[in-house]
Amino acid sequence: MSSITLAETQGVRAAQEVQRKRVLHLVGSRQDEFYHDLSVLYARACDACQDLDRKRFEFVFAVVHMDGTWSFPSGLDDKSLAAAKRVPFAAAIAQIGVLAPDVMVPHMFCVEGMTRFRSLFDLLDIPFLGNREYTV
């Protein structure tokens, strides 16, 4: 039987403290360009906040496009949005599984964003900020 040293215990604690929570920002809309662009605008403002604790949280993005495809850009600037590969819904669900977010922050203001996409994350057992889909 091996004993754990104090240094090993402290190392484990340090590793646990460093592990960041992954926050998925859900952005876009299938409804129309207005809702899509409004969502991107709000998500950009959120990501630009200087008070975000980037040591404790990792921020990743999923964008729902008007044609129903999804992308996972590295950022929300125009260049990153344009460069991100678009994938169909099934591949997007697989990518969300790979990302394994701890929480989702919805930035969708269309009816689908307030209902259907929140239901999706409820089914995926990924908690999200805001009201439940059935309260809209």
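**Exercise 1. Determine how far strand β1 is covered in this predicted model, and place the strand within its sheet.**

Step 1. Start with the burial of the strand: β1 is mostly covered, with six of its eight residues buried.

Step 2. Turn to the neighbours of β1 in the sheet. With β2, the strand pairs in the parallel sense over eight bridges, and the bridge partner of Val27 in β2 is Val63. With β5, β1 pairs in the parallel sense as well, over four bridges, and here His25 stands opposite Val105 of β5.

Step 3. Put these pairings into the whole sheet, which is open, has five strands in the order β4-β3-β2-β1-β5, and shows mixed pairing. The edges are taken by β4 (86-87) and β5, each of which has a single partner strand, so one side of each is left without a neighbour in the sheet.

**Exercise 2. Follow the chain beyond β1 and describe the surroundings of Ser29, which lies in the loop between β1 and α2 (33-47).**

Step 1. Assign the exposure class: a residue is buried when its relative accessible area is under 20%, and Ser29, at 0% relative accessibility, therefore counts as buried.

Step 2. Look for a polar partner of the Ser29 side chain, which reaches the backbone nitrogen of Gln31 at 3.0 Å.

Step 3. List the contacts, leaving out residues up to four places away in sequence: Ser29 touches Tyr35, His36, Val64, His65, Met66, Met108 and Cys110.

**Exercise 3. Classify the aromatic pair formed by Phe34 and Tyr35, and state the exposure of each residue.**

Step 1. A search of the whole structure finds six aromatic pairs. For Phe34 and Tyr35, the ring centres are 5.4 Å apart and the planes stand at 75 degrees, so the pair is edge-to-face; the cut-off needed here is that planes over 60 degrees apart count as edge-to-face.

Step 2. Compare the accessibilities with the cut-offs: Phe34 has 56% relative accessibility and so counts as exposed, whereas Tyr35, at 24%, counts as partly exposed.

Step 3. Note also an aromatic cluster elsewhere in the list of residues, formed by Trp70, Phe72, Phe89 and Phe117.

**Exercise 4. Show which face of helix α6 (residues 116-123) is covered, and by what.**

Step 1. Collect the buried residues of α6, which are Phe117, Arg118, Leu120 and Phe121. Seen down the helix axis, the buried residues of α6 fall within an arc of 155 degrees, so they line one face of the helix.

Step 2. Recall the general geometry: an α-helix has 3.6 residues a turn, so residues three or four places apart point the same way.

Step 3. Examine the other side of α6, where Arg116 and Leu123 are exposed.

Step 4. Identify the cover. The elements over the buried residues of α6 include β1 (21-28), β2 (57-64), β3 (70-71), α4 (89-99), β5 (103-106) and α5 (111-114). After the helix comes Asp125, whose phi is positive, near 60 degrees.

**Exercise 5. Summarise the protein chain as a whole.**

Step 1. The secondary structure comes to six helices and five strands, running α-β-α-β-β-α-β-α-β-α-α from the N terminus on.

Step 2. Of the 136 residues in the protein chain, 35% are buried, and the accessible surface comes to about 8600 Å², of which 57% belongs to carbon and sulfur atoms.

Step 3. Among contacts between residues at least 6 apart in sequence, 61% join residues at least 24 apart.

Methods
Residues are numbered from 1 along each chain as its sequence is written. This is a predicted model: local features need pLDDT of at least 70, side-chain atom pairs count only at pLDDT 80 or more; totals for chains, interfaces and linings use all residues. Side-chain values use heavy atoms; hydrogens and water are left out. Buried means under 20% relative accessible area, exposed over 50%, partly exposed in between (1.4 Å probe, protein chains only). Helices (H or I, at least four residues) and strands (E, at least two) are DSSP runs, numbered from the N terminus. The arc is that of the directions from the helix axis to the C-beta atoms. Contact means heavy atoms within 4.5 Å. Rings of Phe, Tyr and Trp (its six-membered ring) pair if their centres lie within 6.5 Å; planes under 30 degrees apart count as stacked, over 60 as edge-to-face and the rest as tilted. A polar contact is a pair of N or O atoms within 3.5 Å; within protein, one must be able to donate a hydrogen and the other to accept it, and residues adjacent in sequence count only if both atoms are side-chain atoms. Accessible areas come from the Shrake-Rupley method with a 1.4 Å probe; for residues, only the protein chains shown count as cover. Two strands pair if DSSP finds at least two bridges between them.
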